[in-house]
2 protein chains.
Amino acid sequence: MSDGIRIGIDIGGTSTRAVAIDAEGTVLMENQFATLQGADAVLSLVCALVAELRDRSGRPLLGVGVGVPGVVEWPDGLVAHAVNIGVERLALGRELSERLDTPVWVDNDVNVAALGAARIYPGGGSLGFLNVGTGLAAGVILEGALWRGTRGVVGEIGHVAIDPAAGRCPCGQMGCLELIASGSALARALPRGVTPGALTSRLLLDSADVRTAFDAWVRGVAMAARMLVLSVGVDRVVVGGGAAALGTLLHDALVDVFDAWSKESPFIASLRLPDRTFVGVPDRTATLGAALLVESAPELHPRER
Amino acid sequence: MSDGIRIGIDIGGTSTRAVAIDAEGTVLMENQFATLQGADAVLSLVCALVAELRDRSGRPLLGVGVGVPGVVEWPDGLVAHAVNIGVERLALGRELSERLDTPVWVDNDVNVAALGAARIYPGGGSLGFLNVGTGLAAGVILEGALWRGTRGVVGEIGHVAIDPAAGRCPCGQMGCLELIASGSALARALPRGVTPGALTSRLLLDSADVRTAFDAWVRGVAMAARMLVLSVGVDRVVVGGGAAALGTLLHDALVDVFDAWSKESPFIASLRLPDRTFVGVPDRTATLGAALLVESAPELHPRER
């Protein structure tokens, strides 16, 4: 067993990445391929990536973990509404397990990224992985383990409605935090022709409109981080998703917001948010987290239930 | 051991209540006394209540749990800023343990009430106890155990700042939810001469001003419950604290708010908040929860550390 590998797969909207890790969680090798659309293509691609890593490693395969965008029924690995990969409904865990003849765990992409972040940003205790991309949601690690919420809902802070002036959310509510603090929200708020990926400190200095849009968005992200710390009680917040590409630019701006809040409120100051908030997670977070699914719930192997 | 009792004490602003429970958690007997002010008086009163129950039961005492308003350092039982009982700083756990010659656990009143609520409203999984009184804060039970947050902060949803128009919070921030949804907020918002305790469905029908103030407050409480479900992922929310005295009046109004939100949002409808929200916890919640502290953390007995 100890020389076996675990393989983690992250099925993203653009690329599907895979890693193989050893018993200590060290990444041994990785590969990737452009994401394919539709159930059959997704299954074939994942099987091909797994086979390549297994053959290349020459070691026994202990299990496969998969992160996928969409609603995932844990622990059965039933995926629904994964529109980014053209999948409406797929028993991904069971299908893969049969094809690969190995235990397979499937969870949503935010949860597996949270598991990976907890490994990459060690420190024990708890962690909230704030996924700032198309939407806004958090994966939650408590005492080292993924907390899935009693009914599968947890970290859905994007749909805490806070400001009616922000308009109607696709979820139907008015003023969800997602309308203010997601990556999509930033893209909408920036002046025409400016994309979030093009933001630089120079551009923020030169354009008042860009600065205004960016600052309002950063305040939203800061609110999301504060909400995770205050309500869920996590020790650290890691900002990931597309927005993490802004790196230091976002981190420095978040610290400015936290510092301003701390000047007003000794209570907020006591939380020391700047020391507990990180931005910019390597690409490998989600794949590593997916591989860690294999160890996190051996008793929930769907094939043995 | 199995015929031993555990005693739970809830030190409230007005009265200090105690219960003795058996190994199964059944309440065997109870007593109470008007709360006394100051460290020496508090210690003496708790010792007297414990001694009376122990003597009356004629059984061995396995341990004592205490809930106290204020900041409590877990698991050492150091109490700070318990202004309601005239205590600025007191090593309550250690002092009681020495005087009573028995293991003592101390936690804050909201946490112990959450433990009690999880026993009174069974159903497994997780629960948020929303304390709506002078302030607004929640105790959180996850998988049957009290979740204290990695740094002792959790369920502090009263200090999620959501509406600058609500003014400055004593914590220093603008627009904290506590300014809208606490019992104090309701008292401030009601017309002069009307207290929260005097609210009836008749009065709500007769006075538009009363109705407006009440409805705005109920929306705030509903927001707090929704935030607990969305962010922390609790299965059930139990509304306690002074506001729970409103009972059905509050529960029906909360359900109306949830129903309105559900009409707008299939996502919120899918949470089925009306089925998961309870109001009106018996007096015994906090004392029972305090007694359950004794079993919840035997490894953390301060005298043995």
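How many aromatic pairs does a search of the whole structure find over all chains? The search finds six. The exercises below look at one of these pairs and at other parts of the model.

This is a predicted model, in which local features need pLDDT of at least 70, side-chain atom pairs count only at pLDDT 80 or more, and totals for chains, interfaces and linings use all residues. Residues are numbered from 1 along each chain as its sequence is written, chains are lettered from A and ligands numbered from 1 in the order in which they are written, and side-chain values use heavy atoms, with hydrogens and water left out.

**Exercise 1.** Describe the aromatic pair of A:Phe214 and A:Trp217.

Solution. Step one is the rule: rings of Phe, Tyr and Trp (its six-membered ring) pair if their centres lie within 6.5 Å, and planes under 30 degrees apart count as stacked, over 60 as edge-to-face and the rest as tilted. Step two applies the rule: the centres of A:Phe214 and A:Trp217 are 5.9 Å apart and the planes make 45 degrees, a tilted pair. Step three places the residues: they are three apart in helix 7 (residues 208-232) of chain A, so about one helical turn separates them. Helices (H or I, at least four residues) and strands (E, at least two) are DSSP runs, numbered from the N terminus. Step four: A:Phe214 and A:Trp217 are both buried, where buried means under 20% relative accessible area, exposed over 50% and partly exposed in between (1.4 Å probe, protein chains only).

**Exercise 2.** Place A:Thr16 in its strand and find its side-chain partner.

Solution. A:Thr16 belongs to strand 2 (residues 15-21) of chain A. Its relative accessible area is 2%, so A:Thr16 is buried. Its side chain makes a polar contact of 2.9 Å with that of A:Thr35. Such a contact is a pair of N or O atoms within 3.5 Å; within protein, one must be able to donate a hydrogen and the other to accept it, and residues adjacent in sequence count only if both atoms are side-chain atoms.

Next, follow the strand to its neighbour. Strand 2 of chain A runs antiparallel to strand 3 (residues 27-34) of chain A, with seven bridges joining them; two strands pair if DSSP finds at least two bridges between them. A:Ile21 faces A:Val27 in strand 3 of chain A. The two strands form a hairpin with five residues between them, and A:Gly25 in the turn has a positive phi of about 85 degrees.

**Exercise 3.** Work out the surroundings of strand 12 (residues 236-240) of chain A.

Solution. Begin with burial: five of the five residues are buried, so strand 12 of chain A is largely enclosed by the rest of the structure. Then sort the directions: A:Arg236, A:Val238 and A:Gly240 point one way, and A:Val237 and A:Val239 the other. Last, list the paired strands. Strand 9 (residues 127-132) of chain A pairs with strand 12 of chain A in the parallel sense over five bridges, and A:Leu127 stands opposite A:Arg236. Strand 13 (residues 277-279) of chain A also runs parallel to strand 12 of chain A, joined by three bridges; there A:Val279 is the bridge partner of A:Val239.

**Exercise 4.** Locate B:Ala114 and judge whether this residue is buried or exposed.

Solution. B:Ala114 is in helix 3 (residues 109-120) of chain B. Its relative accessibility is 0%, so B:Ala114 counts as buried. B:Ala114 and B:Val239 are 125 residues apart in sequence, but their C-alpha atoms are 10.0 Å apart in space.
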